[in-house]
Amino acid sequence: MSTALDSLLDLLDLERIEQDVFRGTSRSAVVPRVFGGQVAAQALVAAGRTVPAGVPRALGSARAGEAPLAHSLHAYFLRAGDPGAPIVYTVDRIRDGRSFTTRRVVAVQHGQPIFHLSASFQTYEDGLEHQAAMPPAPDPETLPTTAEMLARHAGRFSDPGMVDRLIEARAAVDLRYVDAPPFGTVGEPREPRSQVWFRTHGKLADDPLLHACMATYVSDMTLLDSVLLAHGRGGWAVGDVVGASLDHAMWFHRPFRADEWLLYDQESPSASGGRGLGQARIYTRDGRLAITVIQEGVVRVPR
């Protein structure tokens, strides 16, 4: 396991300060605010730690009577987070039902809410089964690593320290673009679609909540790329747009491991009014649809 992944796991291991109140810290990000994927993942950790444990479930198993697993989350980013201050997560136990458990989490800094999440957990049950087919994609091992990809496009960044900050921000995750990222084709509008493969840099424990939280963390890294591609914009690191995540929703369909390759297939159906919408599906390497993700963000051209 890499040192960076160890550090990220420590970040997700929240301190319980009261029964349903938790405290987390932050790590440095590319921009001077808390990374949205971090606060979303920490909030899901807080929610999950208040769900009745039931019978522990082995990752990938499917048996009635086992502990409930996260099946969806819906979140709003309310204010930019301060990376130098702790974040307090307060959990409301909205419902404990026979099949579904619902939690609401508010993240607070400096006395103000910065993030709100609702999450639902479900005990296993049999049901109808179908899924959208996995799109074609090259094998992840044939694609350049983050460091290799950034080295190719280092000249795109006016800030000489940007490459190092991007590498540091993604050091816990092996993330590989199928095609050039937005900052690799500045000024060249493309179809608003993007694919990346990702997995953690090291094995994770067999805890389904941890794998869901890790996927939540990564899901905020590239989802709005497809919005930028449609307009030939390089992104926040290049400086030809400014923006931030507004809301985020995820549905967890099938078991998966975040320490094994996952294909993040993303597209943008719309941008207007200073906002852009990204939607995506995350597939396991063997073609199972694991997660659906939708996010809207502020995407503005600097004046």
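This passage describes helix α1, the strand pairings, three single residues, and the pocket and cavity of a predicted model.

Helix α1, which spans residues 3-12, holds a set of buried residues made up of Ala 4, Leu 5, Leu 8, Leu 9, Leu 11 and Leu 12. Viewed down the axis of α1, these buried residues fall within an arc of 155°, and they therefore line one face of the helix. An α-helix has 3.6 residues a turn, so residues three or four places apart point the same way. On the other side of α1, Thr 3 and Asp 10 are exposed, whereas the buried residues of the helix pack against α2, β8 and α5.

Strand β8, one of the elements against which α1 packs, comprises residues 193-200 and is mostly covered, with six of its eight residues buried. Strand β8 is paired with strand β7 (residues 173-177) through five bridges in an antiparallel arrangement, and within this pairing Leu 175 has Phe 198 of β8 as its bridge partner. Strand β8 is also joined to strand β10 (residues 262-272), again antiparallel, by six bridges, and here Phe 198 stands opposite Leu 262 of β10. Phe 198 thus has a partner in β7, namely Leu 175, and one in β10, namely Leu 262.

Helix α5 contains Thr 222. With a relative accessible area of 0%, Thr 222 falls under the 20% limit and is therefore classed as buried. Leaving aside residues up to four places away in sequence, the contacts of Thr 222 are with Arg 170, Leu 175, Tyr 177, Val 196, Tyr 264 and Gln 266. Among these contacts is Leu 175, the residue that is bridged to Phe 198 of β8.

A second set of pairings involves strand β12 (residues 289-300), which is mostly covered, nine of its 12 residues being buried. Strands β9 and β12 run antiparallel and are joined by 10 bridges, with Gly 243 opposite Val 299 of β12. Strand β11 (residues 275-284) is likewise antiparallel to β12, the two being joined by nine bridges, and Ala 280 stands opposite Val 293 of β12. Strands β11 and β12 form a hairpin with four residues between the strands, in which Gly 287 takes a positive phi near 95°.

A positive phi is also found at His 110, a residue other than glycine, where the angle is near 50°. Most residues other than glycine have a negative phi. His 110 is located in the loop between β5 (100-109) and β6, and its relative accessible area of 63% places it among exposed residues, since this value is over 50%.

Another loop residue, Pro 52, is placed between α2 and β3 (69-77). Its relative accessibility of 44% lies between the limits of 20% and 50%, so Pro 52 counts as partly exposed. Although Pro 52 and Ala 67 are 15 residues apart in sequence, their C-alpha atoms are 7.3 Å apart in space. Beyond residues up to four places away in sequence, Pro 52 touches Pro 68, Asp 96, Thr 101 and Arg 103.

The second largest pocket encloses about 850 Å³ of space. Its lining consists of 41 residues, and those nearest its centre are Val 31, Arg 33, Phe 35, Asp 220 and Trp 236. Two or more lining residues come from each of α2 (36-48), β6 (112-122), α4 (162-169), α5 (208-222), α6 (225-229) and β9 (242-252). By class, the lining of this pocket divides into 25 nonpolar, 10 polar and six charged residues.

A search of the whole structure for enclosed space finds one cavity of 30 Å³ or more, and the volume of the largest cavity is about 30 Å³. The largest cavity is lined by Tyr 177, Asp 179, Ala 180, Pro 181, Pro 182, Arg 190, Arg 193, Ser 194, Gln 195 and Leu 229. Strand β8 gives the most to this lining, with three residues, and the lining as a whole has five nonpolar, two polar and three charged residues. Tyr 177 is among the residues lining the cavity and is also one of the contacts of the buried Thr 222.

Note on methods: Residues are numbered from 1 along each chain as its sequence is written. This is a predicted model: local features need pLDDT of at least 70, side-chain atom pairs count only at pLDDT 80 or more; totals for chains, interfaces and linings use all residues. Side-chain values use heavy atoms; hydrogens and water are left out. On a 1 Å grid over the protein atoms alone, a cavity is a set of points where a 1.4 Å probe fits but cannot get out, and a pocket is an open set with protein on both sides within 12 Å along at least five of seven lines; lining residues have an atom within 4 Å of a point. Grid points are joined across faces, edges and corners, and a volume is the space filled by probe spheres set on the points. Ala, Val, Leu, Ile, Met, Phe, Trp, Tyr, Cys and Pro count as nonpolar, Asp, Glu, Lys and Arg as charged, and the others, Gly among them, as polar. Buried means under 20% relative accessible area, exposed over 50%, partly exposed in between (1.4 Å probe, protein chains only). Two strands pair if DSSP finds at least two bridges between them. Contact means heavy atoms within 4.5 Å. The arc is that of the directions from the helix axis to the C-beta atoms.
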